[in-house]
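Reader: I've got a model open and I'd like to learn how to read it. Could you walk me through a few features?

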Amino acid sequence: MLTHKINRTTSEKEKMIHSPLADFIRTLYPLGKKAEQYIIQNSFHKKISRSKYLLKPGEFCSYYYYIHKGVLRAFIKEGKKEITTWINPENEITTSIRSMSRNEPSLEYIQALENSDLYAMSFESMQKMYTLFPEMNTVARMLLEEYYAASEERSYISRLPSAEKRYSHFNATRPELVNRIPLKYVASYLGMSEETLSRLRSKKSM
Amino acid sequence: MKAMSKFKLLSSLEQEVEKHLAEAVSVFQNLPEETLLKPAPDGGWSMAQCLAHLNSYGRFYLPAITYAINHPAGNATNEKFKSGWLGNYFTQMMQPGNSTKKYKSPKDHSPTPDLDARAVVAEFIQQQEQLMRCLRKAKATDINATRVPVSISKWIRLKLGDTFRFLIAHNERHMLQAKRHLILCPL
C-alpha cells in the first residue's frame, strides 16, 4: 500500500468549530476570519496512541501534521538498530519533507511516543490556501525558517565529536524531554548507547 | 467476575500499563541511582528492587504471552471474556485495595540489593512497551480460550485474559510500593 491511510470521521469534521491548528498559526501571524474558516474546513483531528506509527518507509505522506498534544519521533533502521532522527513535542508541525517537496516516499518511520492529538491538512489543501490567502505564504516562510534552523541544530549536534558534548548540548536545549520519553530514544537521538547516556547523566547529577 | 467485553477489559488494562509507563518515564528514570538503590525505611526493598522483581516476572510472562498469541486457541471473533476461578483468585490476591497482606517472593524473584538501577528502569520501560503491544494484539485473539502457563508450574494454565489481569495487578502492587517509598525519600 503506497498511500498513507487516514482514519477520518465526518462527524468529527462537523464538530470542529474551532481549530487548534488555526490557533497555532495565529501565534505566528494575524489570521483572517476566512482563512480560519478554510483551516477549519480543510483540516481534521487524528489521535494516535503511544508507540503506533504515523508513517513507515516506502509510504507517501500527503499531510502536514500539527502536534497539538504529545510527542512524535522519526527514526531510520540501520540493520536492527533504530537511529532516531528527530523528536518533536507539541506546537510543532511535522511531515515527511521528502514526500512533500520531492514527491518521494518516506525513508523514515514516524512514531508516537505518547498518546498524541494531531491536526492534519493535506499538501493539496495547503497549496490552495497559499493562493487563496497570500498572507499564508508568510506563515509558511516563517515556519520553514524555523524548521531549517532546527534541522541545522540536528546536523550540528550529530557532528559534535564527543558523547559528553552532545549530551550537554541536549541538556542545555531540550532538558524537558527526559521527563517525557524513555531514555533509550534520547540515547539513540544523540548517537550513543543507553549505558553511556546513563553514565553521563549520573556524572551530571553529582 | 461476570462475563465482560474483551475490548473493554483490554483497553482498561492498556490504560493501566500506560500509567505505569508514564510514571517510569517521568519519575523513576530521572531519579539518582542512590535514591533508587536506597532500602525502604522499614528495611524492605529499594525502588530498584521493586522494579527488578517485576522485570523477573516479565521475563517469564512476556515470552509466554507472545507465544500464546502466536498459537491461539478458540475463536478470534469471541468478544466475551469470563475470568476463571483461579485467575480471578490470583488477581484478587494482588489487588492492593483488597489486601495489605505480605507475600514472600520466591527466591528466584527476590532481587539482590546491588543492582544496576538505571538498567533496571530501562528494562522495566522496555517490558511495559512490549506488554502494551501484546494487549493490542490480543484484541484479535480469543483471550478466553487461549491459555498461558503460570511461572510456578507449566501444568497450571490461566486464560490469557487472566494472565494479563494478574500480571498488571502485580505490577500495580509493586509500583505502589516503590512510590510509597519515594514519598519517604528526601530527594
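Reader: Let's start with the sheet. How many bridges join strand 2 of chain A to strand 7 of chain A, and do these strands run parallel or antiparallel?

Author: One thing up front: this is a predicted model. As a general idea, strands of a sheet pair through backbone hydrogen bonds, either parallel or antiparallel. Here, two bridges join strand 2 of chain A to strand 7 (residues 109-112) of chain A, and the two run antiparallel. If you want a spot to click on, A:Leu55 has A:Ile110 in strand 7 of chain A as its bridge partner.

Reader: What is the strand order of the open sheet in chain A?

Author: Read across its four strands and you get 2-7-4-5, with antiparallel pairing. Strand 2 (53-55) and strand 5 (81-89) of chain A are the edge strands, since each pairs on one side only. From one strand to the next, the twist averages 30 degrees.

Reader: Now rings. How many aromatic pairs does the structure hold over all chains?

Author: There are 13 over all chains. To sort a pair, look at the angle between the ring planes: over 60 degrees counts as edge-to-face. Take A:Tyr38 and A:Phe133: their ring centres are 5.7 Å apart and the planes sit at 65 degrees, so this pair is edge-to-face.

Reader: And where do A:Tyr38 and A:Phe133 lie?

Author: A:Tyr38 is in helix 3 (residues 33-42) of chain A, while A:Phe133 is in the loop between helix 5 (123-132) and helix 6 (135-159) of chain A, so the pair ties together parts that are 95 residues apart in sequence.

Reader: On to chain B. At what angle do the axes of helix 1 and helix 6 of chain B cross?

Author: For helix pairs, angles under 35 degrees count as roughly parallel. Helix 1 (residues 6-26) and helix 6 (residues 160-184) of chain B cross at roughly 30 degrees, with their axes coming within 11 Å. Helix 1 and helix 6 of chain B are therefore roughly parallel to each other, and their crossing is left-handed.

Reader: Which residues meet there, between helix 1 and helix 6 of chain B?

Author: Helix 1 of chain B brings residues including B:Leu9, B:Leu13 and B:Glu16, and helix 6 of chain B brings, among others, B:Phe164, B:Ile168 and B:Met175. By class, this contact of helix 1 with helix 6 of chain B has eight nonpolar, three polar and six charged residues.

Reader: How do the axes of helix 4 and helix 6 of chain B cross?

Author: At roughly 10 degrees, and the axes of helix 4 (residues 85-94) and helix 6 of chain B come within 8 Å. That makes helix 4 of chain B roughly parallel to helix 6 of chain B. B:Phe90 and B:Met94 of helix 4 are among the contact residues, as are B:Phe166 and B:His170 of helix 6.

Notes
Residues are numbered from 1 along each chain as its sequence is written. Chains are lettered from A and ligands numbered from 1 in the order in which they are written. This is a predicted model: local features need pLDDT of at least 70, side-chain atom pairs count only at pLDDT 80 or more; totals for chains, interfaces and linings use all residues. Side-chain values use heavy atoms; hydrogens and water are left out. Axes are lines fitted to C-alpha atoms, for helices over the stretch in contact, and angles run from 0 to 180 degrees between N-to-C directions. Angles under 35 degrees count as roughly parallel, over 145 as roughly antiparallel, 65 to 115 as roughly perpendicular and the rest as oblique. A crossing is left-handed if the near helix is turned anticlockwise from the far one by less than a right angle, and right-handed if clockwise. Contact means heavy atoms within 4.5 Å. Ala, Val, Leu, Ile, Met, Phe, Trp, Tyr, Cys and Pro count as nonpolar, Asp, Glu, Lys and Arg as charged, and the others, Gly among them, as polar. Two strands pair if DSSP finds at least two bridges between them. Rings of Phe, Tyr and Trp (its six-membered ring) pair if their centres lie within 6.5 Å; planes under 30 degrees apart count as stacked, over 60 as edge-to-face and the rest as tilted.
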